[in-house]
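Please look first at the sequence and the 3D structure together, and keep both in view while reading. The paragraphs that follow begin with a single residue and widen from there to the whole chain and its surface.

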Amino acid sequence: MRSLMMLVSLLVVGVGTFCIANASVPFIGVAFIIGVAVLLMGVCELIANRVTNTSAYESDNEMNVEGIISVVLGCVFLSGQISEDAAITSIFAFWSVLEGLKALFSVNFNFRTQSKVDRFSELLGVVMSLLGVYMFFNVRLLDMKILTLVGAVLFLLGLSRFRIALSIEYRTPDMLTGNKERLADAKRDEKRAMQKAKEGIRETKEARERIAKARKAIDKEESMMRRAERRRSAETDKSKK
């Protein structure tokens, strides 16, 4: 399933590249190709959610929603229901912002403790979000061709799905029973516990850094207060003399 999702992700990336290379073609001319790619991506997500576990989403239901959205949009593009440039731009702009924010807030924001995948996800989320926001104002700004923007969104969506494919873990088949099933469950629980432990270590490190900064600030304030007190005492002694 992981390999299939990677292939579909690369297909979406390829369709996005094709759209960028043929930006002068009207959207309706490539709507079928885009619809097929988006539909396959949605179907693949729904199947992956049934037979695998992924850590790129907070819940299985969330992945189901993403898959259903892709399936619906794929069917809409295939049937040619949308042909106006404004509607097409709005759909892909909103989709890009939504996917970008989901990728952005799915990672740890501490740069020093981030993994390479987290940094890639964060960068991808920022780019997708900015691209989606720009698309809403494209006509008043650079007025880029619609297929160029659509291709860029599809390219980034393919990269996002490839990232998700890397996090896929296979669920225990129903045929495993007894000790084998308990062993598989224990291993999954161990992995989840290790992930929580890593997050706990990161949070503890951040908390210690905040404590150290707070202590430095307090020491600085107390030092300033002592110096001010000494100055007042010295001025009082001078006035008595």
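At 1% relative accessibility, Arg161 counts as buried, where buried means under 20% relative accessible area, exposed means over 50%, and partly exposed covers what is in between, with a 1.4 Å probe and protein chains only. This is a predicted model, in which local features need pLDDT of at least 70 and side-chain atom pairs count only at pLDDT 80 or more, while totals for chains, interfaces and linings use all residues. Residues are numbered from 1 along each chain as its sequence is written, and side-chain values use heavy atoms, with hydrogens and water left out.

What does the side chain of Arg161 pair with? Side chains of opposite charge can pair when their charged atoms come close. The structure holds 2 salt bridges, a salt bridge being a side-chain nitrogen of Lys or Arg within 4 Å of a carboxyl oxygen of Asp or Glu. In one of them Arg161 is joined to Glu45, with the closest N and O atoms 2.6 Å apart. Because Arg161 lies in helix 6 (residues 146–166) and Glu45 in helix 2 (residues 27–51), this pair ties together parts that are 116 residues apart in sequence. Helices (H or I, at least four residues) and strands (E, at least two) are DSSP runs, numbered from the N terminus. Arg161 also forms a salt bridge with Glu99, and here the closest N and O atoms are 3.0 Å apart. That pair links distant parts of the chain, with Arg161 in helix 6 and Glu99 in helix 4, 62 residues apart. Glu45, Glu99 and Arg161 are thus linked in a network of salt bridges. Glu45 counts as buried at 0% relative accessibility, and Glu99 counts as buried at 2%.

Ser70 touches two members of this network. Ser70 lies in helix 3 (residues 60–79) and, at 0% relative accessibility, counts as buried. When residues up to four places away in sequence are not counted, Ser70 touches Val38, Leu39, Met41, Gly42, Glu45, Trp95 and Arg161, contact meaning heavy atoms within 4.5 Å.

Two further buried residues lead into helices 5 and 6. Gly132 lies in helix 5 (residues 116–136) and counts as buried at 0% relative accessibility. Although Gly132 and Phe92 are 40 residues apart along the chain, their C-alpha atoms are separated by 7.3 Å. Leaving aside neighbours within four places in sequence, Gly132 is in contact with Ala93, Ser96 and Val97. Leu156, for its part, is placed in helix 6 and, at 10% relative accessibility, counts as buried. With the same kind of neighbours left aside, those within four places in sequence, Leu156 is in contact with Leu124, Val127, Met128 and Leu131. Leu156 and Gly100 are 56 residues apart in sequence, and from C-alpha to C-alpha they are 9.1 Å apart in space.

The loop between helix 5 and helix 6 holds Asp143. Most residues other than glycine have a negative phi, and most peptide bonds are trans. Phi of Asp143, however, is near 50 degrees, a positive value in a residue other than glycine.

Taken as a whole, the chain has 7 helices and 2 strands, which follow the pattern α-α-β-α-α-α-α-β-α when read along the sequence. Of its 241 residues, 35% count as buried. Among contacts between residues at least 6 apart in sequence, 76% join residues at least 24 apart.

What does the chain expose? The chain exposes about 15000 Å², of which carbon and sulfur atoms supply 62%; accessible areas come from the Shrake-Rupley method with a 1.4 Å probe, and for residues only the protein chains shown count as cover. A nonpolar patch on the surface is formed by Phe94, Val133, Phe136, Phe137, Leu141, Leu142 and Met144, which together have about 740 Å² of accessible area. Patches are made of residues with over 30% relative accessible area and no salt bridge, like charges being joined within 9 Å and nonpolar side chains (Val, Leu, Ile, Met, Phe, Trp, Tyr) within 5 Å. Phe94 is found in helix 4 (residues 85–104) and, at 54% relative accessibility, counts as exposed. A positive surface patch is formed by Lys220, Arg226, Arg227, Arg230 and Arg231. For such patches Lys and Arg count as positive and Asp and Glu as negative, while His and the chain ends are not counted, and the place of a charge is taken as NZ of Lys, CZ of Arg, CG of Asp or CD of Glu. Arg231 lies in helix 7 (residues 178–240).
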